[in-house]
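I am keeping these notes while I look through a structure that is new to me. My entries follow the order in which I looked things up.

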Amino acid sequence: MKAAVVTDFSKPLEIQELPTPEPGPGQMLVRIEASGLCHTDIHAAHGDWPVKPRPPFVPGHEGIGRVEAVAPGVASDWVGKRVAIPWLGSACGSCRYCVSGWETLCESQVNSGYSVDGAYAEYALAHANGVVEVPDGVSSVDAAPLTCAGVTTYKAIKVAKVVPAERVAVFGIGGLGHMAVQYARLVGGFVTAVDVEQGKLDLARELGADHLVNAAQTDPVEAIRAVGGADVAVVLAASPKPFAQAYRSLRRGGRLVMVALPADDAAITVPIFDTVLGGISVIGSIVGTRADLAEVFALHAAGRTRVITQTRVLDDVNESFDDVLNGRVPARLVFQL
């Protein structure tokens, strides 16, 4: 099978011919139809984070495809179904987090395209207890970004507990941000979109944002405070500066939701006095569960969301990484296989 392989953190990915894998205990073999490009894949390929994957490996955690084979012990009716392979490849299923609906916090989790090979390939292995079936009303190209960009921002809005008429500031309008704008609106939020590129802000307006802030031209903290401050600020830009700006843009009782993961274990200063007196909450939000993803698919199948994509071929993986890093992509890239 063809696969894009990280051989070294300092080198471009290599397109290689690898043996088609055989499913082991609890696994299935999926023929990949579409695989989204998430910024996490770039971080993985560059070894940007404190916990690093081990080359050689195949990235990709937005994989969509048909199940072609299953291991003994896995229900045979999976064969022929279209499934999503998300970031959370599998979890233990028995720890306090798994049994309480927080499987994404499981300390024994396996992550697709990071701790095990992912979906930048013609075939990928997946755990039967980790995949989510894709409904007929969702195309494979749309389903791929929903599998991470969609469910991650959906979960962020969920944990922020947004209520109608609250102002939600979304910092970073791209693959994740364009979905966050839509989910915030679905629960009745007034959305402020913040980005440094006017084209992405125009997209946010098209998707229903109420207020646009070009952070390259104006101070987003002042601009958001001018309209009363944000009740919720969701940070999706992989740089420390927007996190600090988002915190300062909050009104009393506001919630800062940290989602993006900048390189090099970045940090911001959270002033204790202002946080306590202002009743500010700082929340970390990491992807979503299988139940969350099923809800994301159901909303999309019902026509409640749009996914803005450009399609590429896997041979263009390195050029695609460069395009994402240099801001040349409106929202999400998807490899079609």
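I began with helix 5 (residues 198-206), which in this predicted model lies across strand 11 (190-195) and strand 12, and I noted that helix 5 runs at about 170 degrees to strand 12.

I then looked up the sheet to which these strands belong, and found an open sheet of 6 strands in the order 12-11-10-13-14-15, with parallel pairing. Its edges are formed by strand 12 (211-214) and strand 15 (281-284), each of which pairs on one side only. For the twist I recorded that neighbouring strands of this sheet are turned by 20 degrees against each other on average, with direction ignored.

Next I turned to one pairing within the sheet, that of strand 10 (residues 167-171) with strand 13 (residues 230-235), where 4 bridges join the two strands and they run parallel. Which residue of strand 13 is the bridge partner of Val170? I found that the partner is Val234.

Another helix also caught my attention: helix 3 (residues 140-160) lies across strand 10, strand 13, strand 14 (250-258) and strand 15, and its direction makes an angle of about 145 degrees with strand 14.

My last entry concerns Glu107, which I located in the loop between helix 2 (96-99) and strand 7 (110-111). Is Glu107 buried or exposed? I noted Glu107 as exposed because its relative accessible area is 75%, and exposed requires a value over 50%. I also looked up the separation of Glu107 from Cys95, 12 residues apart along the chain, and their C-alpha atoms are separated by 8.5 Å.

Notes: Residues numbered from 1 in each chain as written. Predicted model: local features only at pLDDT ≥ 70, side-chain atom pairs only at ≥ 80, totals over all residues. Heavy atoms only, no water. Pairing = 2+ DSSP bridges. Axes fitted to C-alpha atoms, helices over the stretch in contact; angles between N-to-C directions. Contact = heavy atoms within 4.5 Å. Buried < 20%, exposed > 50% of the residue type's maximum accessible area, 1.4 Å probe, protein only.
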